[in-house]
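Here is a short tour for someone meeting this structure for the first time. Keep the view open as you read.

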Amino acid sequence: MNRFLSMAVIAAIFTCSQPALAAKESVSPDGVKVEKMSRLRTLVPESELNAAAGQQYAELLQQAKQKGVLVPDSHPQVQRLRAIGERIIPQAKRWNESAPGWQWEINLINTEDINAFCMPGGKIAFFSGILTKLKLTDDEAAIIMGHEAAHALREHSRERLAKSGITNVGASVLGFGLSALFGIDPNVTNTVAEAGASLAILKFSRSDETEADLVGLDIAARAGYDPRAGITLWRKMGMVSKNGPPQWLSTHPAGTARIAQMEKHMAQVLPLYAKVKGVPVKSLPPYESNVKGIEPVK
Ligand SMILES: [Zn+2]
């Protein structure tokens, strides 16, 4: 727990008290539509939150390195993720004007966990299990990266932290480890738990998750990744979760409802992808999964 941040947050909460009502906001004429970000989040100083996230991310990498589970820069899977990031990150500005100034990082931690995260300020990590157990295609990995980046870009942690503070100032701010506030399940890995031990797991809200799904699809589509991979991704999640729920599902409400949401918004994001590909939507062939038993998505 970062005491400096806690004190700063409490100070901020005590000195401000102007929650604003969210209003409809359209970031751009095409793509998905989102609500305006809660002004409440500004009670938490962005620079301090990002600095604390950066510090915790560095600690996590250090711990992973000591345990021999930090996958080296030269590894093909790290290079693959970073290549995906090179296409995803330029789309971030549309969703958060501070994003181009963030010190984005992408790392891979070699554990079996089916999980990934993006801390405030663009600190991304994937766990090997999500790549191997779900046999992720580049499109699917891009959807996950887009989803996690969307949590950071839409400042869900910052909002959650502000809201926790407002409703129950001292206890809630002091009681949570930062990793919990960043939406990382501290039970996910020992690496995470040791780097950011936490007393409680604070999940993103369902509406945060829906927003991250949709913004993630928009980001991936504009980066030239097929948004229909979001559907095959969640079908794969459903398949592996039959043998016990993977960790990503424990922090991400599951399944059919999310697929339905994605299908509902496909008409907003598929044209973005088709535009990058330079073809009309109707000329796009169905998206073929690389896993048996998952139907192609039209
Ligand atoms: Zn999420």
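Two strands count as paired if DSSP finds at least two bridges between them. With that in mind, look at one such bridge: Leu 108 has Phe 126 in strand 5 as its bridge partner. A second bridge partner in strand 5 is Lys 123, which is matched with Glu 105. In total, five bridges join strand 3 to strand 5, and these two strands run parallel.

Now step back. The model is a predicted one. The protein has 13 helices and five strands. It has 298 residues, and 56% of them count as buried. Take the contacts between residues at least 6 apart in sequence: 71% of them join residues at least 24 apart.

Return to the sheet. It is open and has three strands. Their order is 3-5-4, and the pairing is mixed. Which strands form the edges? They are strand 3 (105–109) and strand 4, each of which pairs on one side only. Neighbouring strands here are turned by 15° against each other on average, direction ignored.

The parallel side of the sheet has been covered: strand 3 with strand 5. The other pairing is antiparallel, with four bridges between strand 4 and strand 5. Here Met 119 has Lys 123 of strand 5 as its bridge partner. Lys 123 is also the partner of Glu 105. Strand 4 and strand 5 form a hairpin, with three residues between them. Gly 121 sits in the turn and has a positive phi of about 90°.

How enclosed is strand 3? Four of its five residues are buried, so strand 3 is largely enclosed by the rest of the structure.

Strand 4 deserves a closer look. In a regular strand the side chains alternate between the two faces of the sheet. From strand 4, Ala 116 and Cys 118 point one way. Phe 117 and Met 119 point the other way. All four of these residues are buried.

Phe 117 leads on to the aromatic residues. A pair of aromatic rings is described by the distance of the centres and the angle of the planes. A search of the whole structure finds three aromatic pairs. One of them joins Tyr 57 and Phe 117: the ring centres are 6.4 Å apart and the planes stand at 85°, so the pair is edge-to-face. This pair links distant parts of the chain. Tyr 57 is in helix 2 (residues 46–66) and Phe 117 is in strand 4 (residues 116–119), 60 residues apart. Both Tyr 57 and Phe 117 are buried.

Phe 117 also pairs with Phe 127. Their ring centres are 6.2 Å apart and their planes are at 55°, so this pair is tilted. It too links distant parts of the chain, with Phe 117 in strand 4 and Phe 127 in strand 5 (residues 123–127), ten residues apart. Phe 127 is buried, as is Phe 117. Tyr 57, Phe 117 and Phe 127 form one aromatic cluster.

Next come the helices around the sheet. Helix 3 (residues 76–88) lies across strand 3 and strand 5. It runs at about 150° to strand 3. Helix 5 (residues 138–153) packs on the sheet and touches strand 3, strand 4 and strand 5. The direction of helix 5 makes about 35° with that of strand 4.

Helix 5 has a helical partner as well. Two packed helices are described by the angle between their axes and the distance between the axes. The axes of helix 5 and helix 11 (residues 229–240) come within 9 Å and cross at roughly 90°. That makes helix 5 roughly perpendicular to helix 11. On the helix 5 side, the contact is made by Asp 139, Glu 140, Ile 143 and Ile 144. On the helix 11 side, it is made by Ala 229, Gly 230, Thr 232, Leu 233 and Lys 236.

Two single residues complete the tour. Arg 87 lies over the face of Tyr 225, at 3.9 Å from the ring centre. Asp 218 is placed in helix 10 (residues 206–222). Is Asp 218 buried or exposed? Its relative accessibility is 0%, so Asp 218 counts as buried. What does Asp 218 touch, leaving aside residues up to four places away in sequence? Its contacts are Gly 31, Val 32, Arg 94, Trp 95, Val 269 and Leu 272.

Technical notes
Residues numbered from 1 in each chain as written. Predicted model: local features only at pLDDT ≥ 70, side-chain atom pairs only at ≥ 80, totals over all residues. Heavy atoms only, no water. Phe/Tyr/Trp six-rings, centres within 6.5 Å; stacked < 30°, edge-to-face > 60°. Buried < 20%, exposed > 50% of the residue type's maximum accessible area, 1.4 Å probe, protein only. Lys NZ or Arg CZ within 6 Å of the ring centre and 35° of its normal. Axes fitted to C-alpha atoms, helices over the stretch in contact; angles between N-to-C directions. Contact = heavy atoms within 4.5 Å. Parallel < 35°, antiparallel > 145°, perpendicular 65-115°, else oblique.
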